[in-house]
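Welcome, and please take a moment to look over the sequence and the model. The briefing below will walk you through them, from the whole chain down to single residues.

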Amino acid sequence: MLFPSLIERKRDGGVLTPDEWRATITGYLADAIPDYQMAAMLMAVVWRGLDAAELSGLTQAMLDSGTRFDWTGSGRPRVDKHSTGGVGDKVSLALAPLVASCGVAVPMMSGRGLGHTGGTTDKLEAIPGFRTDLSLDEARAQVDRIGVAMFGQSERIAPADRRLYALRDVTGTVPSIPLIAASIMSKKLAEGLSGLVLDVKAGSGAFMTSPEHALELARTMVTIGEAHGCRTTALVTAMDRPLGRAIGNALEVEEALLALDGRGPEDLLLVTRALAVEMLLLAGVTTDRPAATRLVGEALASGSALAKFRELVAAQGGDPGVVDDPGRLPQALEVELFEAPAAGVVAAVDPRPLGAAVVAMGGGRRRLGDPIDHSVGFVVSARPGATVAKGEPIASVFARDAEGIATGLAALGEAIRFGPATVGLPLISHRVTARGTESLG
Ligand code: URA
């Protein structure tokens, strides 16, 4: 195969056959296709897209590049959730134990931060001792034992995605509906799930900034999931403002603990509960939506969701004491308040500069393998639409030094905009299933 001719065909709007996509993935993993040619192909896909047969061929080739979970002998339905990525999105931390405490097996495989967005694996590693590098056998055994495991993407699951994800991160080729869909679905399908719930983020803090594109991404992924026999539901949720108040690894763990105790910020609780209900319905715990909603509410109110989180942390070598004393999480050396520069109405809190600042302050990676500082980040109490007085503290920066504080304050100055109140995106705008799209906003 002459790979440059395939790049040219895609560049000019042509299509590749499923066999050509398979050869592309195999050639890339065997180092027969160098990064620079693959990057050119990815950029051609960003511009030209993929038709349905190409998308299916690429996803299948990425899925087949690795191994799959073997659940032989496990009776329980298995459901996972995946977010397309956002800022302050700590939903998974609360959701996995919440759903597991309702009797569903949750093998949750998550990623690290990508670009300006945070990753669940990094957040979990803010808990002292917490191991995310479970082998597939360890993850399976833990799910059998306590109903939940939260782990990073193993080398053995969709290795093609691991390499492509890293290459896309540094070549401006992340925001593409088919590339995101193939990336997410190749990993999720390898988990051998009975059901999958997708949280597709829309807004400036998401990879799909426009709600229309987010909806298209949701439909694309639901179609792939269902075609592979995995019942899939997607909710499209707002990322034109941070979710909750905390942004940054340890700060987000602390806020997720509040949510598990039913005391978290309202938007975080609403999204977490809505996704939990979908997971219970897919798992067949009940077919009745009000009953699923009740079960989720009871798990939060009774403390069983929080107890499941404690059990999960202990099972994965983490310090379960953080559940009762979040002060045991890494603490920033420097903290500074951000005060409203003038009296007025908060028109917007743009998540993107805040996510980018967390990376700049050391809370995310510029290069694969960079160590990260889990303590840094923000707590933003100002919400769009709030009226604030001049000098009122509306956010805090957590950093490791004065330079980090300066970076954080500048990002808050850029992110928090004043002016006439604007209408934000509905917190949960659509529900997409095999049966179609329901508007909820
Ligand atoms: N999350 C993924 O797993 N892949 C992408 O391409 C984007 C977000």
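With 441 residues, what radius of gyration does the protein have, and what would a compact globule have? The protein has 21 Å, which agrees with the value near 22 Å for a compact globule of 441 residues. Please keep in mind that this is a predicted model.

**The protein as a whole**

- You will find 16 helices and 14 strands in the protein.
- The C-alpha trace spans about 65 × 45 × 40 Å along its principal axes.
- Of the 441 residues, 57% count as buried.
- Among contacts with a separation of 6 or more, 76% come from residues 24 or more positions apart.

**Surface and charges**

- The protein has an accessible surface of about 17000 Å², and 53% of that belongs to carbon and sulfur atoms.
- There are 43 positive and 51 negative charges, and their mean positions are 3 Å apart.

**A helix to look at: H3**

- Helix H3 covers residues 35–48, which makes 14 residues.
- At 1.5 Å a residue, H3 should span 20 Å, and its end C-alpha atoms are indeed 20 Å apart, so the two values agree.
- Which residues of H3 are buried? They are Gln-37, Met-38, Ala-39, Met-41, Leu-42, Ala-44 and Val-45.
- An α-helix has 3.6 residues a turn, so residues three or four places apart point the same way.
- The buried residues of H3 pack against four helices: H1 (3–11), H2 (18–29), H8 (159–169) and H9 (177–189).
- Just after H3 comes Gly-49, with a positive phi of about 75 degrees.

**Two residues with positive phi**

- As background, most residues other than glycine have a negative phi.
- Asp-31 is a residue other than glycine with a positive phi, near 65 degrees.
- Look for Asp-31 in the loop between H2 and H3.
- Is Asp-31 buried or exposed? Asp-31 counts as exposed because its relative accessibility is 58%, and the cut-off for exposed is over 50%.
- Ala-158, also a residue other than glycine, has a positive phi near 40 degrees.
- The loop between S3 and H8 holds Ala-158.
- Ala-158 counts as buried because its relative accessibility is 0%, where buried means under 20%.

**Ser-154, in the loop before H8**

- Ser-154 sits in the loop between strand S3 (148–152) and H8.
- With a relative accessible area of 12%, Ser-154 is buried.
- Setting aside neighbours within four places in sequence, Ser-154 is in contact with Met-109, Leu-136 and Arg-162.

**Pro-393, in a strand**

- Where is Pro-393 placed? Pro-393 is in strand S11, which covers residues 393–399.
- Pro-393 counts as partly exposed because its relative accessibility is 44%, which lies between the cut-offs of 20% and 50%.
- Apart from neighbours within four places in sequence, the contacts of Pro-393 are Leu-337, Phe-338, Glu-339 and Ser-381.
- Pro-393 and Ala-382 are 11 residues apart along the chain, and their C-alpha atoms are separated by 8.7 Å.

Conventions. Residues are numbered from 1 along each chain as its sequence is written. This is a predicted model: local features need pLDDT of at least 70, side-chain atom pairs count only at pLDDT 80 or more; totals for chains, interfaces and linings use all residues. Side-chain values use heavy atoms; hydrogens and water are left out. Helices (H or I, at least four residues) and strands (E, at least two) are DSSP runs, numbered from the N terminus. The expected span of a helix is 1.5 Å times one less than its number of residues. Buried means under 20% relative accessible area, exposed over 50%, partly exposed in between (1.4 Å probe, protein chains only). Contact means heavy atoms within 4.5 Å. The radius of gyration is taken over C-alpha atoms; the globule rule is 2.2 Å times the number of residues to the power 0.38. Accessible areas come from the Shrake-Rupley method with a 1.4 Å probe; for residues, only the protein chains shown count as cover. Lys and Arg count as positive and Asp and Glu as negative; His and the chain ends are not counted. The place of a charge is taken as NZ of Lys, CZ of Arg, CG of Asp or CD of Glu.
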